Amino acid sequence: MKIGLDFFYCPVSFDDPTQLVEAEFGLKAIAIIVKLKQRIFGGQGYYCDWNDEVALLFGSKVCGLSPGDHAVSEVINAALRRGIFDKKIFDKYGVLTSMEIQRDFLEAAKRRKNVEVKKEYLLLSLPILQDNVIIIDKNVNINGKNVDINEQSKGKGSKGKESNDSCTEPGEPDSMPPVISLPLNDNSEYPITEKEIEVWKELYPSVNILQELRKYKGWALTNPKKRKTRGGILRSVNSWLAKEQDKGGSPQNNSVKQNSNAKPANGVNAIIEEFGLGEDKHE
C-alpha cells in the first residue's frame, strides 16, 4: 500500500526560518530543503530517517555534491536550529519531521481510508487529528548517538511525552484527575481530563463540551457493541463534537438556560428519548 505522496504543498514565499537559512548558505539551501521534503513526502509521508550515512548518500546521489562537501549536513543543522525540523524528535529518534510537515501530509491524505502515524513522532495534538488517522504505538529505537538522555526521560512514565508536551497519548491518559470517564469496548473506562476539555473548548466554541461528553457517555452505555477502543476513543469524541459544532452547537454560557428549559424526564427511557441515545447518530 502506498504511503507517500505524489505531490506536496510548496508555498510561493518561504517563512522566516527558511529565508534565514537561505541567507546563511545561499540558494543551495533552498534546493537541499526542497529535495529533502520530496524525500519525506514521497517516502514515509511525514518523516524520514536521518544520520551521517544517509546524509552522505543524499548529498552525493540526490544533490550531486562532490566528496568532502558537507553542505547537506550544514544546512540540516541550521534547519534544526531554526525549527524547520523538530530538534527534539531528531535528537531522540534520529528522524526529520515537523508539525507543518505532518499537518500538510495528513491534509493531503485525508481522503484515504486509513493513515498510520507513529505515536513517538507525532507532534500534532490529538483532538485536531482527522478520523482516518490511526496512531501506531510501537517501540522505536532511541538515537543515543545524537542525544544525551537523562535518567528520568528513560522511565516508562515519560515515554512519548518529551516530543510533544501538549499531546495526550492514546492509551496513556494525562495524570490530571478525570472530569468524566467514557466506557470502552473492553468494559474499561477512558478518563477525560480538564486539559482535553480545554482543547475542545477552543476548537469547538459553540459546543457545550461537558454536556456533549455526558451525551456521548449515555450513547456508549446504551450501545455497548459500538463502543470504541482505547486508541480510537478520542477520534470518536472529536468527530462527535465536530458534528455538533457543524449543527450550530450550544454556546457554553447558555448551558444554565438550556437546563432550565429542558423537559422533565421520568426514568431511563425518557432520558434516552430526550437525547436520542437509542440511535447511533454519530458513527
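Good morning. I begin with a pair of residues: Ile-180 has Ile-192 as its bridge partner in strand S6. The model is predicted; local features require pLDDT of at least 70 and side-chain atom pairs pLDDT 80 or more, whereas totals for chains, interfaces and linings use all residues. Residues are numbered from 1 along each chain as its sequence is written, and side-chain values use heavy atoms, leaving out hydrogens and water.

The bridge belongs to an antiparallel pairing, with five bridges, between strand S5 (residues 178-183) and strand S6 (residues 189-193). Strands here are DSSP runs of E with at least two residues, helices are runs of H or I with at least four, and both are numbered from the N terminus. Two strands pair if DSSP finds at least two bridges between them. Five residues separate S5 from S6 in this hairpin, and Asn-187 in the turn has a positive phi of about 70°.

Ile-192 also leads us to the interior. The largest nonpolar core has 63 residues, and Ile-192 is among those that touch the most other members, as are Leu-96, Phe-85 and Leu-213. Helix H4 (residues 71-81) supplies the largest share of this core, seven residues. Such a core is a set of buried Ala, Val, Leu, Ile, Met, Phe, Trp, Tyr and Cys residues joined through side-chain atoms within 4.5 Å. Buried means under 20% relative accessible area, exposed over 50%, and partly exposed in between, with a 1.4 Å probe and protein chains only.

What does Leu-96 touch, beyond residues up to four places away in sequence? Its contacts (heavy atoms within 4.5 Å) include Leu-36, Trp-50, Ile-76, Leu-80 and Phe-85.

Ser-98 lies in the loop between strand S2 (95-96) and helix H6 (99-108). Ser-98 counts as buried because its relative accessibility is 6%. Its side chain reaches the backbone nitrogen of Ile-101 at 3.0 Å. With the same sequence exclusion of up to four places, Ser-98 touches Ile-84, Phe-85, Asp-86 and Leu-123.

Leu-213, from the core, is one of the buried residues of helix H8, a list that also includes Gln-211, Glu-212 and Lys-215. H8 (residues 209-222) has 14 residues and reaches 20 Å from first C-alpha to last, close to the 20 Å expected; that expectation is 1.5 Å times one less than the number of residues.

Finally, Lys-118 is found in strand S3 (residues 115-118). Lys-118 counts as partly exposed because its relative accessibility is 28%. Its C-alpha is separated by 6.3 Å from that of Asp-137, 19 residues apart along the chain. Thank you.

Technical notes:
Polar contact = N/O pair within 3.5 Å; in protein donor to acceptor, adjacent residues only side chain to side chain.
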